[in-house]
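Trainee: Could you walk me through reading a fold like the one below? I'd like to start with the order of elements and work up to the whole chain.

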Amino acid sequence: MDLLQTHNLDCPYCGESIQLIIDCSISDQEYIEDCQVCCRPINIFVSIEDGAAQIHVAHENE
Ligand SMILES: [Zn+2]
């Protein structure tokens, strides 16, 4: 299994597609990444289930 997986998500602010690289060796992650388009901070929540990353994104203040 490839531990680094690339995922495309829609920015919750501007709606543009952004690319994330998820480290699947960590089962639960929560971090902030700036949108590559509008540069606003996106809360990223990742959980790994059966080797597949389940990703949720939220506004900074949610
Ligand atoms: Zn954006």
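**Reading the strands**

Mentor: Happy to. This is a predicted model, and from the N terminus on its elements run β-β-β-β-β.

Trainee: How many helices and how many strands does the chain have?

Mentor: There are 0 helices and 5 strands.

Trainee: How many bridges join β3 to β4?

Mentor: Start with the general idea: side chains in a regular strand alternate between the two faces of the sheet. In this case, β3 (residues 28-34) and β4 (residues 41-49) run antiparallel, joined by 7 bridges. To find your register, take Tyr 31, whose bridge partner in β4 is Ile 44. Between the two strands of this hairpin sit 6 residues, and Cys 39 has a positive phi near 65°.

Trainee: And which strand does β4 pair with over 7 bridges in the antiparallel sense?

Mentor: That's β5, residues 52-58. Here Ile 48 stands opposite Ala 53 in β5. The β4 and β5 hairpin has 2 residues between its strands, and in that turn Asp 50 takes a positive phi of about 55°.

Trainee: Now the whole chain. Why does the radius of gyration agree with a compact globule?

Mentor: Because a compact globule of 62 residues would come out near 11 Å, and the chain has 11 Å. Look at the box as well: along the principal axes, the C-alpha atoms fill roughly 35 × 20 × 10 Å.

Trainee: What share of the residues is buried?

Mentor: Buried residues make up 3% of the 62. As for contacts with a separation of 6 or more, 32% come from residues 24 or more positions apart.

How values were computed:
Residues numbered from 1 in each chain as written. Predicted model: local features only at pLDDT ≥ 70, side-chain atom pairs only at ≥ 80, totals over all residues. Pairing = 2+ DSSP bridges. Helix = DSSP H or I, 4+ residues; strand = E, 2+ residues; numbered from the N terminus. Rg over C-alpha atoms; globule rule 2.2 N^0.38 Å. Buried ≥ 20, exposed ≤ 12 C-beta atoms within 10 Å, placed from the backbone. Contact = placed C-beta atoms within 7 Å.
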